[in-house]
Amino acid sequence: MNSKGPDYISTTNACKLCRPLGACLAFRGMEGTVAFLHGSQGCATYMRRYIISHYNEPMDIASSSLSEKHAVYGGGPNLKLGLSNVQKKYAPKMIGIATTCLTETIGDDVNMYLREYEREYDGKDDLPCFVNVSSPSYSGTHMQGFHGAVRAVVEQMTEGGPVTGCVNLLPGFVSCADYRYLSEVMADFGLDHTTLPDLSLTMDRPALLEYEKVPGGGTPLHRIRAMGRSCATIEFGRTLGEDESAGRLLLSRFGVKRFRTGMPLGIRESDDFFNILSEISGREMPEKHRLERGRLVDAYVDGHKYLFGKRAVVYGEEDLVTGMVSFLSEIGIQTVLCASGETSGRLVQAIRAVTDGILADQPEVHEGMDFHEISNRAEALAPDIIVGHSKGYPLARKLGVPLIRVGFPIHDRIGGQRILHLGYRGAQMLFDTIVNTVIAHTQELSDIGYSYM
Amino acid sequence: MKTAALEGRLKQIHVKGERPLDIECNRDSLAGAVSQRACTFCGSRVVLYPIADALHLVHGPIGCAVYTWDIRGALSSGPELHRLSFSTDLQERDVIFGGEEKLYRALSELIDRHAPRAAFVYSTCIVGIIGDDIDAVCKKVEAEKAIPVIPVKSEGFKGNKRAGYRAACNAMSRLIGTGDVTGFSPFSVNIMGDFNIAGEIWLIRDYYQRMGIEVVANITGDGRVDNIRKAHGAALNVVQCSGSTMQLAQMMEEEYGIPWIRVSYFGIEDMSEALYDIARFFGEKKLMEKTQRVVREEVSWLMPRLEEYRKALSGRRAAIYVGGSFKAFSLVKAFRLIDMKVVLVGSQTGTREDYQELEAITDPGTIIVDDSNPLELTAFLKEKGVDVFVGGVKERPIAYKLGIGFCDHNHERKKPLAGFEGMLNFAREIYSTVMSPVWRFVPEKPCCPERLHDDDIASGMAARRNAV
C-alpha cells in the first residue's frame, strides 16, 4: 500500500525546480549582491519571470549570455565581459555566480576565470566580492542550489578569530515574513544574530518611487565574514545533508557550536527552536512569545473539532513538508501522503521523527515524485485538503478539495512572500487559515447556509 | 538618458528625430546587461505550445520544462494536453552516458499514456552539448507508434527567440502537406501567429465566419495536429506576429504556392484593416459587403463605449516594451485612438524593418529601443514621465516600483486584448491602472505635476470627514 506506483521514466509536472534558481534566490538575500548565471540567456530570464511571479518584486539576474560559439570555445570571455558590465551598471558589493547545465557540461572553470579576472582588474577599480557555486541543473533541485550558495558564501568569505556573542541563524528557504519574524524573535531574546540569507527586505520592498539597482537589505557582508567567530549556529532542516550544511562547515572549520532543529512549524518544532534560544541566551521565553504560544494553544482547542480526522496531502520541499506534517499532526489532521521532488533519502525518517506518538497512522512518504504520481496516489487516498505551493492547484481542482497555499511558488495569489509559516505566530496564521478554509468549503457545499460555525 | 546604457548597447537605442534611423538589432544579448530576452527553446516552446492535442516533451534537465508549465494562457476548446509539462529530467548519469535511451523510453511511455496526435521533442542546451541523436530516436518512435514524432532543434544557446521561431516553423512544416485537403472553400485561410490567449482566436474566427471565410487551421492558438496537416489546403495565409510564423508562411508559399498577408488583430484600425485586406485579397463583391457589415457592426457598438475612456486618458503618456514588435505597431495606433501619446517603444526581437516601421508611425522624440533591460527602461520611463507601461511579467515590477501604471499585454492575460472587443478591454485596463487611487499613496513623482498631491489627499480626507 505504501507504493508510489509504477516507476515512470518520464516526468510530468515536476514538483521541484532547477538548481541554479535556488542559488539565485539565496544570493538575493545577501547585502548588495547581484546573482549571475553562467550559461545561456534564457535561464536567467525564465528564473526571473518565475521568481517575480511569486514576489511581485524586481529580480535582476545577470547572465553571461553564451551563444553557440562560446559553447564550443568556452564561456570565459563572456563571463568576464558580463562581470565587468554588471560592475559598471549595478556597482554591487558582491556578485554571486552560479553555473548552469551548459557551463558545467562544457567544463568551464569558473574559479580560474575569476582569478584571471581579479588579476586583470588588479588595482584599477574597487572590485566587488565574488562568490561562485557549482549548480548543474541535472543534479539535485533548487534546494541544493539554495543550500549550496549559502555554504559557498560561508566557505569563501567567512573568517575565524576571537569569539563574539553573535548567533548564526541558517533558516533555509522560507518566506520574507518568516525571515522578518525570525529576526524579531532573536532580538526579543537579546541575541545579536546573523541570518543567512535574509530575503525579508530584499524581496518585499516598500514603494519608493525608484527601481533600485540592488535592493537594500540582505545579510550584511561584514557579518557573513564574522560568522566564523559567532558563539553558536542554529540551522533548520531535518533532511538537510551534512555535505550541504553551512552549519557543519562553521563547526568543522571554526568550531562554532551548532544546533540543528527542524523548521519551526507548529508548537513542538517551535518549542524546540525557542528552547535553543533560551539555552544560548540564558533567558526565559519572552512574555510576548509566551502569550503567542498560549493563544495558539487556545485556538487549537477552539478549532479542533473542525479538523480532527481530516486527511491531507502535503508536497513540496522536504524540510517544509516535514515541518508542515509535524504541525498538521498536532491539530488532528491525518496526513495521508507526503511527497517531494527532492531525493535526500532522509524524508521517511524525518516524517517518522515528527509524527511518532502523535499521529495514528504513518502517512505514505515518497521522494522524487512529480505531480502525475502525486495526483494518482492522491486520488486513491481521498484527501480533504491539499497543502503546498500553487502548482498543486490543478490537483486540488480535480479532486474538488481546498488548497492551502504555503511555500514557494505562489503564482495564483498575491502576497506569497508575506505568508508567515514559522513559530507560534506562523502556526496561528496557518491554523486559522486551515480551519476557516475547511469551514468555508463545508459552508459552500451546504444546502442550508449555516451562519454560525 | 544614454548614461543608463552600457557602451556596447548604444547602437540599439534610437531617439526619433535626432538623426536618421540606424538601429542595430538581432544581435546576441550583451553579457551582464540583464536582457529581458529568453532563449531559442523559449521561442520554439511558445509557438508550438498551443497545439493542444500534441505531446510536448522537453528533453533536458528539469528547469526548461518546469518554467514553461502552463506558462501561456493559450486556451483550447477541446483537449488540454499542452497544459502539462513533460520532461526527461536528465540527471548526471544521462549527461555522462547519453540521454537517448531515456528519451526513447519516456517518449514511448507518454505516447502510450496520452495517445496524442503528434509529439514534439524539444532539444535544450545540454542535449546540443552531449550530442544525443534526437532525430534517430524520433524516427524510431514514429515508426513504432504511427504518429508524427518531430524533433525541435531548440538548443537554448543557439540564439534568441527568433532562432526558436525558425525551429518551430521547421517542425510544423513536417506536418503540413500530410492531410487530405479536398472540399475546402475557395475563401479559406489559415490563421497564423495568433495563440488564442484568453480566447482571442475565437473572436477572430467569429469575424471570419460572419464574412463567409473558412478557417482551415489555427497556427497555433487552439491548434490541432490534423488541421495543421491540412493547412496547405487553404487559399491564403493570414499571418500575425511578424516573427513567429512568418517563416512558415514563406515556406508554404514556396512549396505550395499559398500567398500570405500580414495583419494585426490589435486595435480598431489594424483589426478592421486585417478584415478588409482579406476581403480585398479574394476580390469578391459579396465578401467585401459582408466584411463592411462586420466592421460597421463592431465599430458602432465599440466607439461610444471607448469615448469615456478616451476623455479620461487624453494626453497621458505611454511606454511599450514587448517581445515581438508587431504588437508594438498596433499598440502605438491603439493608444492614439484613445488620445494617448507613446513616448517609448521597444522590443526584445524586432528586425530592422520593424524598427523602421516604428520610427515611421511614432512622434518625434520617441525612444525606440532593441533588447533593453531593467536599468535602461527605468531611465527612459523616468525621463519621459510615463503614466502607463505596457509589457510582460518582467516589466511589471519596473513600472510599479516607479509608481507607474501597468498593462499586462503578455501570455498570462485573462481578458482578450485582440479584436474589437479587445480594444475595449485594453482601454478599460489602461483606465483602471491610470485612474486607480493607489498612486496617491506612493511618494510624489516630481516630473508629473498633474499627479495628485498630498494636498489632494488631505482635502479628500476632509471631504470624507465632512460627509460623515
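Domain bounds here come from an automatic or database domain assignment. Keep in mind, too, that this is a predicted model.

**View 1. The two domains of chain B.** In chain B, the assignment gives domain 1 (40-173) and domain 2 (188-296). Put a point at the C-alpha centre of each, and those points lie 27 Å apart. Where the two domains of chain B touch, domain 1 brings 21 residues and domain 2 brings 20 residues.

**View 2. Domain 1 of chain B, on the side that touches domain 2.** Helix H1 (40-48) and helix H7 (161-173) of chain B each put at least two residues into this side of domain 1. H7(B) gives the largest share, six residues. Sorted by class, this side of domain 1 has twelve nonpolar, four polar and five charged residues.

**View 3. Where chain A meets chain B.** Now pan over to the contact between the chains, which takes 56 residues from chain A and 58 residues from chain B. On chain A's side, several elements each supply at least two residues, among them strand S3 (61-63), helix H3 (68-73), helix H4 (76-90) and helix H5 (101-106). The largest share comes from H2(A), with ten residues. As for the mix on chain A's side, you'll find 25 nonpolar, 21 polar and ten charged residues.

**View 4. A strand pair across the chains.** Zoom in on strand S1 (11-12) of chain A, which also supplies at least two residues to the side touching chain B. S1(A) pairs with strand S3 (residues 86-87) of chain B in the antiparallel sense, over two bridges. Look for Thr11(A), which stands opposite Ser87(B) in S3(B).

Terms used:
Residues are numbered from 1 along each chain as its sequence is written. Chains are lettered from A and ligands numbered from 1 in the order in which they are written. This is a predicted model: local features need pLDDT of at least 70, side-chain atom pairs count only at pLDDT 80 or more; totals for chains, interfaces and linings use all residues. Two residues are in contact if their C-beta atoms, placed from the backbone, lie within 7 Å. Helices (H or I, at least four residues) and strands (E, at least two) are DSSP runs, numbered from the N terminus. Ala, Val, Leu, Ile, Met, Phe, Trp, Tyr, Cys and Pro count as nonpolar, Asp, Glu, Lys and Arg as charged, and the others, Gly among them, as polar. Two strands pair if DSSP finds at least two bridges between them.
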